[in-house]
Amino acid sequence: MTTTRTGYKWVGTRPVRHDGLDKVTGRARFGADYATAGMLHGVVLRSPHVHARILSIDLTEAAAMPGVKAIITGADLPDIPDETGTGSEGGINFRDLSRNILARDKVLYEGHPVAAVAAVTLRAAQRAAEAIEVDYEILPAVLSLEEAMEDDAPVLHDDLFTLGLDSPPDRPSNISRRRVIARGDLDAGWEEADVVVEREYTTKAVHQGYIEPHAVVAETGEDGRSTLWCSSQGHFAMRTYTTKVLGWEPGDMKVIPAEIGGGFGGKTTIYLEPLAALLSRRAGRAVKMVMTRSEVFRATGPTSGSVMRIKMGARRDGKLVAATAWMAYEAGAFPGSPIGPGVMTVLACYDIPNVLIEGYDVVLNKPKVAAYRAPGAPMAAFAAESVVDELAEELGIDPIELRLRNAVTEGVRAVYGPKYRKIGFVETLEEARDHPHYSAPLGPWQGRGVASGYWFNFGGETTATVSINEDGTAVVMSGCPDIGGTRAALAQMAAEELGIDVHRIEPVVADTHSIGYNDMTGGSRVAFAVGIAVVDASRQLIDDMCARAALIWDVPREEVEWVDGRAQSVTGAAAPLTLEELASGSGATGGPLSATVTVNPRGAGAGFSTQICDVEVDPDTGLVTVLRYTVVQDAGRAIHPDYVEGQMQGGAVQGIGWALNEEYIFDRNGVMENPGFLDYRMPVASDLPMIDTVIVEVPNPDHPYGVRGVGETGIIPPMAAVANAVYAATGKRMQDLPMSPVRVLEALSGD
Amino acid sequence: MSRTHVTCVLNGDEIDFLCNDYQTLLSALRDELGMIGTKEGCGTGDCGACSVILDGQLVCSCLVFAPEVEGRRVETIEGLAEVDHLHPLQDSFLEGAAFQCGVCTPGFLMAAKALLDRNPSPTETEVRYGVAGNLCRCTGYDKIVRSILDAAARMSDPERQKEAT
């Protein structure tokens, strides 16, 4: 269901996407689809231990094997100072990044890379990797947040001292950082509360689960200049990170973006890229590296497992008056969990006067976490929105009504600081409340749950170019990989501005040497930030074309306007000039028609989503089946509603997987037991119903068409929505994810 | 190392290629024949990205050894469209926005074709089970299921079929 609108020809329509034909015919080229003549194949030797000191690495036998052209270890990468880039959670520590790519003195998780080999065939490379002899001294490991945070826990990093404590620590710890948000007077808040609910929640590490494994082809020339073909969420970042880790100059590396087969945040960092580039430099040949699925699970991604304790108090009239949250997130082997956005978003939906939120970033012997769609927010919402549901029940207030009584609105100060600008949270709640789903009848062992979620969204550094070809067609060029239909959305905005058919515009994702810098495709930023740049560039072009028409007609510029893809005389003194005519004659009026705009826009409109879930629980098996699901989300303005719905549906289903099935399972030695899609159980089509969508449109005043990011918000409410539905069906509160059949049966047998 | 010579019918054409005995059909298609439309998502038969149709049967090409296709008929994504028009499934996927990143799409299209070949008018549930061996992480399956149902409707309606061509 989509709000219909008038006044736009292309914005809000559903054209076939420009890259669609290549994707339904098998012609689209993803990361692993590149090859060069004579290229070598690279593989990674990974640690079998979760925590061990590397005593020695003997390459003698491996290096002598037939077909082996280069081998590298941690000793081949430069030492990088321990400095975190500026910014909050987005900050990246290149020393840690380098050590995650190739272990130095210690391995910190099973799957941690120890060496990389390039050989003439994949088999030869694999055999050589097996012939590398590594001598390890096994160290005690920490595998849970509880263990890792204990005072006498084995420490992963001797130089890691907790930041953010009241007094500086005198010894290293696995807690890298404490984050605190506080406001108001908690004692007074609890005093005022008539009802208080306090609960503890846990979630497991889950993987982004993109279907395309990481892949790269690197070719480094004799002059040290290199080219990378790889799929990522940002080829400029791949260049920056890769050259930083190698100690090379960014300008010496060109990164050509492949089509990306899913990212969800997991392809915002590097793993294989510097290994392939350096192996290529050493071997003098191109090197291709592709991860196996097992490697993807064991050594990339996931997002944090967590432990959270939430306490909230409300007055009898439903007003939330006090809340505390204690949250600890697994960072994996190096600091940098999304605890920052976790503490910022956990209570961000509600206007609560008295608050204390405390968050901990904790390292342990598991793979380093990576961004995953609205990083840090979904688990936080699972906890907070479960407590809100309990409060609603205790107060005897409908859960949507309780949320409406406390919902943040324009001008309210967010718990983490700034005032909300124009937002549509209330509208999502009202649409959910009025949706037929919310009042549909339910059967036995069936239940309905609701939950909401908040995400910041992001702007970011952006370059876009719009050029007109001599036939009046246009090229819209950006530098942000298109994961879910952004090329179509950018073309639609340009078509709307230029007044030409959307399919006379070719949207292109250009490489690092063909367009100015662009931040990654992340933070749900592309339709917003790149959209602003494309609209600005289109408007500059229109202004330029009007000026040229004025020149041709010998009239003042003010007497020319742009209407329906043509320059038109306001006095009717001359016949209109079409885009084709202006473009084909542009040599005589000042040269080619092209405009480039760079922006770093603020005002990425905040996103809110409210979701309704119906489940049926099988009391004999504990299996939870989602019967019906509705996603209501504020998109600001849906440029291409199909792909906005797609983001909402895809996010919700990832959340349903997180809620019901997905988890990293480790044996007692910390080795992942389910590094494949058979045992890491992501939702399949037969698990699910249709996912109904309601696009709410509260336009973002800081975008020419009102766009808010839509990519991430949809994954935030599902776990709580499912848990609240399971409660409604069974009377059991599920506080630990996933709600797999065995856990649900355990809960049911507690009777 | 001696290589095995394999002859088969690929997308209607009799072809031959050389491969190693341990090589999968997936690897032969991609690495020996340059047909990169068939994707590898897991290599263990769990994701369906490498789905092809072998003698009318849907298979994961990562679970078939290349020499096994000797004398057999293989259909891949590259053979789905005709010279001047797409298969109705491809039209439906395009118009129904049935993919986002698109890496699972070739596998879904082959699985859907295998389904419609044996059941031209499936129910929603039959579609959901027909593609249950294919993972998509982007869409939540809603638009994929709708597009397959739409393609089935197109294929059984002569008027709409004419429209498409």
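In this predicted model, chain B comes with a mean pLDDT of 96, and 96% of its residues reach 70 or more. The model as a whole scores 0.97 for ipTM and 0.97 for pTM.

Let's start with chain B. Six helices and five strands make up its secondary structure. Read from the N terminus, the elements go β-β-α-β-β-β-α-α-α-α-α. The radius of gyration of chain B is 16 Å, close to the 15 Å that the globule rule gives for 165 residues, so chain B is as compact as a globular protein of that length. Along the principal axes, its C-alpha trace spans about 55 × 30 × 25 Å.

What about the inside and the outside of chain B? Of its 165 residues, 56% are buried. Looking at contacts between residues at least 6 apart in sequence, 55% of those in chain B link residues at least 24 apart. The accessible surface of this chain adds up to about 6,700 Å², and carbon and sulfur atoms hold 48% of that area. As for charge, chain B carries 14 positive and 25 negative charges, and the mean positions of the two groups sit 7 Å apart.

One piece of chain B is worth a closer look, namely helix α1. How much of this helix is buried? Helix α1 of chain B covers residues 25-32, and six of its eight residues are buried, so it is largely enclosed by the rest of the structure. The buried residues in α1(B) are L25(B), L26(B), S27(B), A28(B), L29(B) and R30(B). It helps to recall that an α-helix has 3.6 residues a turn, so residues three or four places apart point the same way. And what covers the buried residues of α1(B)? The cover includes four strands of chain B, namely β1 (4-10), β2 (13-19), β3 (51-54) and β5 (73-75). After α1(B) comes G34(B), which has a positive phi, near 70 degrees.

Now for chain A. Its secondary structure holds 19 helices and 26 strands. With 751 residues, a compact globule would have a radius of gyration near 27 Å, and chain A agrees, because its own value is 27 Å. Taken along the principal axes, the C-alpha atoms of chain A fill a box of roughly 85 × 75 × 50 Å.

Burial and contacts can be read for chain A too. Here 64% of the 751 residues count as buried. Among contacts in chain A with a separation of 6 or more, 79% are between residues 24 or more positions apart. Chain A has an accessible surface of about 26,000 Å², with 48% of it belonging to carbon and sulfur atoms. Its side chains include 66 positive and 99 negative ones, and the centres of these two sets lie 2 Å apart.

To finish, here is a single residue of chain A, A440(A). Where does A440(A) sit? The residue lies in the loop between α13 (425-434) and β16 (446-455) of chain A. Leaving out residues up to four places away in sequence, A440(A) touches R448(A) and R628(A). There is also a pairing across the sequence to look at: A440(A) and D614(A) are 174 residues apart along the chain, while their C-alpha atoms are 9.8 Å apart in space.

Note on methods: Residues numbered from 1 in each chain as written. Chains lettered and ligands numbered in written order. Predicted model: local features only at pLDDT ≥ 70, side-chain atom pairs only at ≥ 80, totals over all residues. Heavy atoms only, no water. Helix = DSSP H or I, 4+ residues; strand = E, 2+ residues; numbered from the N terminus. Rg over C-alpha atoms; globule rule 2.2 N^0.38 Å. Buried < 20%, exposed > 50% of the residue type's maximum accessible area, 1.4 Å probe, protein only. Contact = heavy atoms within 4.5 Å. Areas by Shrake-Rupley, 256 points an atom, 1.4 Å probe, with all protein chains shown as cover. Lys, Arg positive; Asp, Glu negative; His and termini not counted. Charge placed at Lys NZ, Arg CZ, Asp CG, Glu CD. pLDDT = per-residue confidence, 0-100.
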